[in-house]
Structure formats: structure tokens, C-alpha cells
Amino acid sequence: MKEKKFRLQFQLVPDGCWHTNLRSALPKEVWDRLRRAAYARAGGRCSICGAKGRLEAHEVWSYDDKNHIQKLEDIIAVCPACHAVIHIGRTSLLGKEPEAQEHFLKVNGCTQSEYHAALGEANRIHAERSRHEWVTDLSKLNGRDLF
């Protein structure tokens with residue numbers, strides 16, 4: 001059976017890449033410019049669910065599982081509810097998984113069993129990726145497409 005592709009997905013970061021984020025690594029003024037550019041590209045709406053209101057910047061990473069390279073692909077604007085789903089591990093630790101689950105179901109128009117299947121698959125991938133050391137590729141910052 002083919003796995004269903006959801007608009008809103010879990011993005012569990014491998015354990016060795018925790019705390020690798022642009023907000024911490026870049027000077028405040030550079031990070032502010034990048035996140036504001038993401039908000040402007042999104043037209044003041046969440047890039048995933050379309051909600052208006054407060055936005056947060058989310059770094060989109062790809063993972064080369066063969067060479068163990070974590071590569072920055074984009075910075076997008078997301079609402080706090082979508083961001084909580086994306087980072088479900090942290091959200092669960094904060095005791096807020098029920099709200100995140102409800103948002104996942106609503107945005108994706110799926111069932112609770114599909115939620116659990118997607119979360120199980122995300123956890124499986126996370127466990128496999130966490131067995132390795134990763135190199136971080138920020139070459140995307142050299143391009144103009146994030147500014």
C-alpha cells in the first residue's frame with residue numbers, strides 16, 4: 001500500500017542535529033532578515049494551512065541518508081499550530097500532542113489511524129537517522145532564493 005502524502009508532515013530532526021538552527025548560528029539581524037523574507041513570501045499566511053495571524057519561521061531540511069548530509073532547503077512561514085505538528089517530539093514533551101493531533105487531522109483531512117501511521121513512520125525514520133553523525137550543508141544561504 002502506498003503511503004499517503006500529507007500537506008502537513010512531521011519533520012523529526014535526527015538526534016545529532018538537535019540545536020542546529022539558523023536562529024542560533026546567525027547574527028540576529030541576518031536571521032531577522034531571513035525570517036521576515038519568509039513571512040513576506042507567504043503573504044502573511046501560514047505556508048501550510050493558510051491561516052492568518054502570528055507566523056514563525058521554520059527551516060526546511062533535506063536528508064541525504066547515504067552520505068549523512070543535512071541540507072537547508074528553505075525557510076518558510078508557518079503558524080504556531082503547524083509548527084507544533086512539524087516538531088511533534090518537542091510538542092509531546094510539552095504535553096501538547098492532543099492539540100497538534102487535532103490540527104494534523106484538520107489540515108490533512110485524515111483519520112486518527114492515518115495520523116498514528118504517519119507518526120510511526122516519522123519515528124522509524126528518525127530512529128534510523130539518529131544512528132549516524134550528520135554534516136550540515138548551509139550552501140543555500142549563498143543563493144538569492146532565500147532573501
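Is Trp134 buried or exposed? That was my opening entry. Trp134 is buried, with a relative accessible area of 12%. I should jot down early that this is a predicted model.

**Entry: the partner of Trp134.** I looked up which ring sits with Trp134 and found Tyr63. Their ring centres are 5.4 Å apart and their planes stand at 85°; the cut-off for edge-to-face is over 60 degrees, so this pair is edge-to-face. Tyr63 belongs to strand β1 (residues 56–64), while Trp134 is in the loop between α6 (112–129) and β3 (135–137), so the pair ties together parts 71 residues apart in sequence. I checked Tyr63 for burial too: its relative accessibility is 17%, and it counts as buried.

**Entry: other rings.** How many aromatic pairs does the structure hold? I get five. One of them is Phe10 with Phe104, which is stacked, at 4.9 Å centre to centre and with 5° between the planes. Phe10 comes in the segment before α1 (22–25) and Phe104 in helix α5 (residues 97–108), so here the pair ties together parts that are 94 residues apart in sequence. Both Phe10 and Phe104 are buried. I also noted that they join Phe6 and Tyr115 in one aromatic cluster.

**Entry: the sheet.** Next I turned to the strands. There are three in an open sheet, ordered β1-β2-β3, with mixed pairing. β1 and β3 are at the edges and have a single partner strand each, so one side of each has no neighbour in the sheet. Direction ignored, neighbouring strands are turned by 40° against each other on average. How many bridges join β2 to β3? I find three, and the two strands run parallel. Looking along β2 (residues 69–78), I see that Ile69 stands opposite Val135 in β3.

**Entry: the helix on the sheet.** Which helix packs on the sheet, touching β1 and β2? That is α2 (residues 28–41), and its direction makes about 60° with that of β2. I tried a length check on α2: at 1.5 Å a residue its 14 residues should span 20 Å, and the end C-alpha atoms are 20 Å apart, which agrees. I then listed the buried residues of α2: Trp31, Asp32, Leu34, Ala37, Ala38 and Tyr39. Their cover includes α1, β1 and β2. My last note is on Gly43, which follows α2 and has a positive phi, near 65°.

Terms used:
Residues numbered from 1 in each chain as written. Predicted model: local features only at pLDDT ≥ 70, side-chain atom pairs only at ≥ 80, totals over all residues. Heavy atoms only, no water. Phe/Tyr/Trp six-rings, centres within 6.5 Å; stacked < 30°, edge-to-face > 60°. Helix = DSSP H or I, 4+ residues; strand = E, 2+ residues; numbered from the N terminus. Buried < 20%, exposed > 50% of the residue type's maximum accessible area, 1.4 Å probe, protein only. Pairing = 2+ DSSP bridges. Axes fitted to C-alpha atoms, helices over the stretch in contact; angles between N-to-C directions. Contact = heavy atoms within 4.5 Å. Expected span 1.5 Å × (residues − 1).
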